[in-house]
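Biologist: I would like to understand the terms used for this model, and how each one is justified. Could you take me through them?

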Amino acid sequence: MTTAPLPSALSPSRASDFLQCPLLFRFRTIDRLPEAPSAAALRGTLVHACLERLFELPAETRTPRTAVGLVEPQWQQLRSKRPEVEELFTDEDEREEWLESARTLVRRYFELESPGNLEPRHREMRLEVSLPTGLRLRGYVDRLDVAPGGRIRVVDYKTGKSPHPRFEDKAKFQIFFYAVMIWRDLGVVPSRLQLVYLGGNGAVRWYDPTEEELLAAEAEISDIWSRIEEAGRTGQWTPKRSKLCDWCDHQALCPEFGGTPPPLPVR
């Protein structure tokens with residue numbers, strides 16, 4: 001029996017948290033500690049919403065001007081649901097500068113794809129599947145394209161810059177995580193996994209996975225879950241110090257910075 005209540009399913013983001021730092025996984029998933037919203041994460045949410053709505057429009061109207069025009073109404077909708085995000089901006093000028101940065105990302109999307117020529121099968125597709133081991137996986141796929149011949153393309157939008165190939169492991173892991181879910185749900189190996197980076201100068205990275213590669217990814221996911229279960233049994237959520245600690249909201253509770261984690265909640 002575990003000493004802490006583990007989640008009922010594993011998502012790509014929570015698996016990435018554990019790989020980055022087991023203690024961060026604990027703080028976010030078990031303790032559910034609050035975290036301050038960030039302007040970058042909020043911009044990502046806004047841009048994703050605009051690209052999702054773009055494909056609700058007739059193909060001939062999916063122009064850069066139309067897409068940029070979605071930013072303001074989507075921002076108003078986001079602000080109405082989460083009024084606390086206003087606290088991210090010191091004044092109206094700062095907020096407008098942030099909105100313009102979102103518009104820039106939306107414009108850049110048109111340099112990387114031609115949405116008028118695309119008809120996605122799904123957008124913000126929610127998946128929940130069980131692996132043969134019984135492990136449940138859960139996640140949202142930004143876009144799923146299905147060609148007339150049945151070939152499947154998984155598309156994930158990234159609002160940051162394209163990383164150097166040596167540092168793209170996290171994004172690759174996450175999109176292969178989605179591919180495993182789709183494979184187990186639909187019984188079809190996706191033909192292409194596509195990462196669309198909107199930051200910087202924009203870039204598109206893709207992978208054409210094989211069934212053997214998905215089996216390897218599935219084994220890696222299962223191994224991560226086994227390590228999470230072991231941490232749950234022992235209560236040993238070991239912190240892993242890295243450069244990413246600079247952006248962590250929980251340094252005051254982290255032993256690496258002289259802090260003490262709160263008592264574990266018990267099932």
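Modeller: Happily, and we can start with strands: two of them pair if DSSP finds at least two bridges between them. Please keep in mind that this is a predicted model.

Biologist: What makes strand β1 and strand β2 a pair?

Modeller: Eight bridges join β1 (residues 122–130) to β2 (residues 136–146). The requirement is at least two bridges, so β1 and β2 count as paired. The two strands run antiparallel. Among the partners, Arg-123 is bridged to Arg-143 in β2, and Ser-130 to Arg-136, also in β2.

Biologist: Which residue takes a positive phi in the hairpin of β1 and β2?

Modeller: That is Gly-134, with phi near 100 degrees. Five residues lie between the strands of this hairpin.

Biologist: How do you know that β2 pairs with strand β3?

Modeller: By the same reasoning: β2 and β3 (residues 152–158) are linked over four bridges in the antiparallel sense, and at least two are needed, so they pair. Asp-145 stands opposite Arg-153 in β3. The hairpin of β2 and β3 has five residues between the strands, and Gly-150 takes a positive phi near 100 degrees there.

Biologist: Now the helices. Why are α3 and α5 called oblique to each other?

Modeller: Helix α3 (residues 39–54) and helix α5 (residues 71–81) pack at an angle of about 120 degrees. Roughly perpendicular covers 65 to 115 degrees and roughly antiparallel means over 145, so about 120 degrees belongs to neither and the pair is oblique. Their axes are 9 Å apart, and α3 passes α5 in a right-handed crossing.

Biologist: How many cavities of 30 Å³ or more does the structure hold?

Modeller: One. The largest cavity has a volume of about 140 Å³. Of the 14 residues lining the largest cavity, the closest to its centre are Cys-21, Leu-24, Lys-240, Cys-245 and Cys-248. Helix α2 (residues 22–30) supplies the largest share of the lining, three residues.

Biologist: What classes of residue make up that lining?

Modeller: Nine are nonpolar, four polar and one charged. Cys and Leu count as nonpolar and Lys as charged, so Cys-21, Leu-24, Cys-245 and Cys-248 belong to the nonpolar class, whereas Lys-240 is the charged residue.

Note on methods: Residues numbered from 1 in each chain as written. Predicted model: local features only at pLDDT ≥ 70, side-chain atom pairs only at ≥ 80, totals over all residues. Heavy atoms only, no water. 1 Å grid on protein atoms, 1.4 Å probe; cavity = no way out; pocket = protein on both sides within 12 Å on 5 of 7 lines; lining within 4 Å. Points joined across faces, edges and corners; volume = space filled by probe spheres on them. Axes fitted to C-alpha atoms, helices over the stretch in contact; angles between N-to-C directions. Parallel < 35°, antiparallel > 145°, perpendicular 65-115°, else oblique. Left-handed = near helix turned anticlockwise from the far one by under 90°.
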